[in-house]
Amino acid sequence: MDPSFFSMGMWSIGAGALGAAALALLLANTDVFLSKPQKAALEYLEDIDLKTLEKEPRTFKAKELWEKNGAVIMAVRRPGCFLCREEAADLSSLKPKLDELGIPLYAVVKEHVRTEVKDFQPYFKGEVFLDEKKKFYGPQKRKMMFMGFIRVGVWYNFFRAWNGGFSGNLEGEGFILGGVFVVGSGKQGILLEHREKEFGDKVNLLSVLEAASKIKAQTWASKEK
């Protein structure tokens with residue numbers, strides 16, 4: 001066999017593999033393979049069972065969180081994740097303005113592992129509840145697996161959080177993506193629904209405040225009537 005023919009064949013195979021890898025990397029950094037979120041209806045959220053994290057937990061319907069004054073709710077992907085802690089701190093920076101509006105800030109977690117929630121609390125200035133059935137992460141639960149680690153946006157988010165001084169651990173389930181909700185009082189509905197599309201995809205804080213301001217305006221309007 002002609003050695004040059006063999007070398008040409010190996011070069012072609014190598015070039016083809018390199019091209020395929022480059023294409024895969026390119027596609028992984030688009031939204032082509034990302035699962036599309038399904039919007040949650042108010043009725044769906046209202047019927048979710050949540051538990052307090054006390055020694056003697058109380059189970060209640062999620063609508064209690066927003067029924068009177070509305071609420072801002074963070075569905076935490078993983079309390080020990082430094083990206084989740086960063087977003088929790090960002091949302092907590094809105095607490096003074098939310099307090100002025102009379103709107104509470106809450107978080108839900110999908111599992112209660114060791115001291116993870118306790119260690120999360122310094123970053124989050126609100127009550128945390130357990131959503132054992134992971135309903136706040138639905139109606140269609142979305143996962144990001146190891147593809148997330150080859151996305152440029154994810155690495156940007158990593159460096160942003162690291163530079164911000166945030167740290168974390170690997171305890172607990174962290175592939176089911178989370179989100180943030182702003183829910184109006186009574187039957188006002190869901191005023192903002194942010195679904196995390198990749199690790200560290202944070203909600204826009206101005207959008208949260210804008211939606212929260214609508215809660216107050218609508219509440220006042222209903223009282224005036």
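Select Lys134, which is partly exposed because its relative accessible area is 25%; buried means under 20%, exposed over 50% and partly exposed in between, with a 1.4 Å probe and protein chains only as cover. Lys134 sits in the loop between E5 and H6. Helices (H or I, at least four residues) and strands (E, at least two) are DSSP runs, numbered from the N terminus. Phi of Lys134 is near 60°, a positive value in a residue other than glycine.

This is a predicted model, in which local features need pLDDT of at least 70 and side-chain atom pairs count only at pLDDT 80 or more, while totals for chains, interfaces and linings use all residues. Residues are numbered from 1 along each chain as its sequence is written, and side-chain values use heavy atoms, with hydrogens and water left out.

Next, select Pro139, also in the loop between E5 and H6. The peptide bond from Gly138 to Pro139 is cis, with omega near 10°. Then go to Arg114, in the loop between E4 and H5. Its phi is near 45°, a positive value in a residue other than glycine. Arg114 counts as exposed because its relative accessibility is 65%. Most residues other than glycine have a negative phi, and most peptide bonds are trans.

Now zoom out to the whole chain. It has seven helices and seven strands. Of its 225 residues, 41% are buried.

Move inside and select Val72, Met74, Leu91 and Phe124. These touch the most other members of the largest nonpolar core, which has 36 residues. Such a core is a set of buried Ala, Val, Leu, Ile, Met, Phe, Trp, Tyr and Cys residues joined through side-chain atoms within 4.5 Å. Among the elements that each supply at least two residues of this core are strand E3 (71–75), helix H3 (82–92) and helix H7 (205–224). A second, separate core of 20 residues includes Ile48, Leu50, Tyr106 and Val183.

Which residues does Val72 touch, leaving out those up to four places away in sequence? They include Leu98, Ile103, Tyr106, Phe181 and Val208. Contact means heavy atoms within 4.5 Å.

Last, select Ser213 in helix H7. Ser213 counts as partly exposed because its relative accessibility is 37%. Add Lys97 to the selection: Ser213 and Lys97 are 116 residues apart in sequence and 9.6 Å apart in space, C-alpha to C-alpha.
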